[in-house]
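Colleague: Could you take me through the reading of a model, feature by feature, giving the general idea where there is one and then the case at hand?

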Amino acid sequence: MITREQIDTVLDHPVYDARGDKIGDARHVFFDDVTGEPEWVSVRTGLFGTSESFVPIHDAALVEDHLEVPYAKNQVKDAPNVDIDAGGHLSEQEEQRLYQHYGIDWDAAWQDAQAGTGGQATGTVGTSGITDDAMTRSEEEMHIGVERHEAGRARLRKYVVTEEQQYTVPVRHEEVRVEREPITDANRDRAMTGPDITEAEHDVTLYEEQPVVETRAVPKERVRLTTEEVTEEETVTGEVRKERIETEGTDERGDQRRRP
């Protein structure tokens with residue numbers, strides 16, 4: 001259980017759940033009207049700390065520089081909404097809803113409070129950020145963060161196209177040419193070896209070249225997809241609230257005004 005003397009250590013310090021997950025930061029501590037002991041702590045949650053959830057502080061423990069509560073993070077964040085600025089008190093109906101949310105027996109808590117045993121409050125509980133008579137002025141600060149979201153997908157797809165190509169290829173072929181050789185003393189013997197007069201045929205085979213087309217797959221290049229981070233600046237606009245403290249019955253220096 002947290003004592004009044006430990007309040008300064010609790011305020012504005014982290015609050016963790018039973019599993020060790022951070023819930024948020026302690027914002028206000030509420031006291032039991034009957035016992036005067038700390039009873040509730042409001043925890044600032046949300047991405048930018050814009051929400052406050054109430055959690056019982058009776059079974060909480062102060063560990064080093066943070067507060068540990070025996071409740072799950074989601075249970076605390078899903079606690080019923082309570083108007084913190086409504087006079088600095090919780091109504092009986094608000095307390096009942098909070099007790100029900102955290103599984104606390106309202107009737108047993110009411111009897112403990114009436115018996116003065118330090119149980120849950122039956123009426124309203126006051127709020128205080130410190131244990132003396134000073135008033136704490138607070139301001140909201142804007143904390144900007146970024147979230148990573150999927151923006152799209154890219155894909156490599158390979159397909160086949162057919163195109164026509166033309167090349168000029170030199171080809172050769174054989175043609176018949178008749179050569180006549182006159183009879184001379186040099187070739188007379190060969191010319192007279194055969195019969196004098198006869199019929200004869202002589203065949204000559206002609207050859208030609210024809211173009212042949214053959215295709216082969218040849219690797220040309222490798223293509224891959226890579227990603228790179230590009231940083232751009234975007235302007236974010238939000239609203240923050242600030243508390244102002246005014247004095248009544250005193251001048252600007254704090255001295256009490258005299259009646260004329």
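**Strands, core and confidence**

Colleague: Let us begin with strand pairing: how many bridges join β2 to β3, and do these strands run parallel or antiparallel?

Modeller: In this predicted model, β2 and β3 run antiparallel and are joined by 6 bridges. One pair to look for is phenylalanine 31, which stands opposite proline 38 in β3. The hairpin that these two strands form has 5 residues between them, and within this hairpin glycine 36 takes a positive phi near 75°.

Colleague: And how does β3 relate to β4?

Modeller: These two strands also run antiparallel, with 6 bridges joining β3 to β4, and here valine 41 stands opposite valine 55 in β4. As a general idea, side chains in a regular strand alternate between the two faces of the sheet. In the present case β3 is mostly covered, since 7 of its 8 residues are buried.

Colleague: Which residues have the most contacts inside the largest nonpolar core?

Modeller: The general idea is that nonpolar side chains tend to be buried together in soluble globular proteins. Here the largest nonpolar core has 27 residues, and those with the most contacts inside it are Trp40, Val41, Val55, Leu67 and Val69. Two or more residues of this core come from each of α1 (7–10), β2 (22–32), β3 (38–45), β4 (51–56) and α3 (92–101), and β2 gives the largest share, 5 residues. To follow one member of the core outwards, take valine 69, which, leaving aside neighbours within four places in sequence, is in contact with Val15, Tyr16, Asp17, Ala18, Ile23, Val55, Pro56 and Ala60.

Colleague: How should I read a single polar residue, for instance histidine 66: is this residue buried or exposed?

Modeller: The cut-off for calling a residue buried is a relative accessible area under 20%; histidine 66 has 13% and is therefore buried. Histidine 66 lies in strand β6 (residues 66–68), and its side chain makes a polar contact of 3.2 Å with the side chain of glutamate 68. Not counting residues up to four places away in sequence, histidine 66 touches Pro14, Tyr16 and Ala61.

Colleague: For contrast, where is the place of tyrosine 167?

Modeller: Tyrosine 167 is placed in the loop between β7 (125–128) and α5 (188–191). With a relative accessible area of 66%, tyrosine 167 is exposed, and its side chain is joined to that of glutamine 165 by a polar contact of 3.1 Å.

Colleague: Stepping back to the whole protein, how many helices and strands are there?

Modeller: The protein has 5 helices and 7 strands, and from the N terminus on its elements run α-β-β-β-β-β-β-α-α-α-β-α. Of its 260 residues, 23% are buried. The accessible surface comes to about 22400 Å², and 44% of this belongs to carbon and sulfur atoms. Among contacts between residues at least 6 apart in sequence, 58% join residues at least 24 apart.

Colleague: What is the mean pLDDT of the protein, and over which residues is the pLDDT below 50?

Modeller: The mean pLDDT is 79, and 80% of the residues reach 70 or more. The pLDDT is below 50 over residues 117–132, although this stretch has 69 contacts in the model beyond near neighbours in sequence. The general caution is that, where pLDDT is low, the predicted coordinates should not be read in detail.

Definitions and conventions:
Residues numbered from 1 in each chain as written. Heavy atoms only, no water. Core = buried A, V, L, I, M, F, W, Y, C linked by side-chain atoms within 4.5 Å. Buried < 20%, exposed > 50% of the residue type's maximum accessible area, 1.4 Å probe, protein only. Helix = DSSP H or I, 4+ residues; strand = E, 2+ residues; numbered from the N terminus. Contact = heavy atoms within 4.5 Å. Pairing = 2+ DSSP bridges. Areas by Shrake-Rupley, 256 points an atom, 1.4 Å probe, with all protein chains shown as cover. Polar contact = N/O pair within 3.5 Å; in protein donor to acceptor, adjacent residues only side chain to side chain. pLDDT = per-residue confidence, 0-100.
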